[in-house]
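Biologist: I would like a close look at a single part of this model, taken slowly. Please pick one strand and describe its surroundings.

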Amino acid sequence: MGFFDKLFGGKAASETKFSGQKMTVMLPIDGKVIPLEQLPDKTFASAILGPGCGIEPTGGTVYAPFDGKVTSIAPTLHAVGLESTEGIELLIHIGMDTIALRGSSFTPLVREGQAVKAGTPLLNVDLDAICAAGLSIESAVIVTNADDLPKLHIIAGGIVSTGTPLFKFE
């Protein structure tokens with residue numbers, strides 16, 4: 001285990017929670033899938049950043065939804081950018097207005113540039129602390145380069161577990 005793995009708690013690929021599927025984004029956190037337009041943030045709800053969906057999370061760990069790499073981690077730790085090995089660019093944004101927490105309630109488990117497998121833990125989240133701060137835990141999973149990809153189909157709904165196929169591109 002290297003220095004960054006010790007620092008960020010990285011896990012080996014053999015310690016992933018689930019496996020990926022070709023041209024598919026898996027659910028990155030336990031919760032209820034909701035339509036994007038129901039999110040309480042107009043930027044996300046109007047799909048300005050791209051198509052996707054909302055999640056009302058019930059779990060405290062965010063997992064990589066496909067094989068790829070971490071392209072960005074917000075300085076306030078509330079959002080993670082990823083790119084799949086197939087070129088899907090994804091933003092996972094936990095909670096609404098959680099930038100105000102300045103990183104409290106979030107523990108990164110990976111670093112920018114790190115290769116990940118589907119099911120690799122990315123971020124631990126304290127949902128109770130977010131709620132206690134008076135913020136919404138509703139989260140967004142957004143495909144930021146959808147114009148460069150085949151048609152996106154949302155294939156999950158209701159209460160689902162991490163690793164369930166969420167979007168498929170055909």
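Modeller: What follows is an account of strand 11 and the parts around it. Bear in mind throughout that the model is predicted.

Strand 11 covers residues 139-143. It belongs to an open sheet of eight strands, ordered 9-5-6-7-11-3-2-13 and paired in the antiparallel sense. The edges of that sheet are strand 9 (115-116) and strand 13 (158-160); each has a single partner strand, so one side of each is left without a neighbour in the sheet. For strand 9 the link is to strand 5 (residues 68-73), antiparallel and through two bridges, with K69 bridged to A115 of strand 9.

Strand 11 has strand 7 and strand 3 beside it in the order. Strand 7 (residues 89-93) runs antiparallel to strand 11 and is joined to it by four bridges; H93 has A140 as its bridge partner there. Strand 3 (residues 52-57) also pairs with strand 11 in the antiparallel sense, over four bridges, and here G52 is bridged to I142.

Now the side chains. Five of the five residues of strand 11 are buried, so the strand is largely enclosed by the rest of the structure. S139, V141 and V143 point one way, while A140 and I142 point the other way.

Two of these residues lead into nonpolar cores. V143 is among the residues with the most contacts inside the largest core, which has 40 residues; L122, F167 and F169 are the others named for this. Several elements supply at least two residues each to that core, including strand 3, strand 7, strand 11, helix 3 (127-132) and strand 14 (165-169). I142, in contrast, is in another core, of ten residues, which lies apart from the largest one and also includes L36, L39 and A74.

The contacts of V143 can be listed in more detail. Leaving out residues up to four places away in sequence, V143 touches L49, G50 and P51, then I88, E89 and L90, and further along L149, L152, F167 and F169. E89 falls within strand 7, and F167 and F169 fall within strand 14.

Past the end of strand 11 comes the loop to strand 12 (152-154), and D148 is located in that loop. Is D148 buried or exposed? At 65% relative accessibility, D148 counts as exposed. Its C-alpha atom is separated by 8.7 Å from that of I88, although the two residues are 60 apart along the chain. I88 is also one of the residues that V143 touches.

Methods
Residues numbered from 1 in each chain as written. Predicted model: local features only at pLDDT ≥ 70, side-chain atom pairs only at ≥ 80, totals over all residues. Heavy atoms only, no water. Pairing = 2+ DSSP bridges. Buried < 20%, exposed > 50% of the residue type's maximum accessible area, 1.4 Å probe, protein only. Core = buried A, V, L, I, M, F, W, Y, C linked by side-chain atoms within 4.5 Å. Contact = heavy atoms within 4.5 Å.
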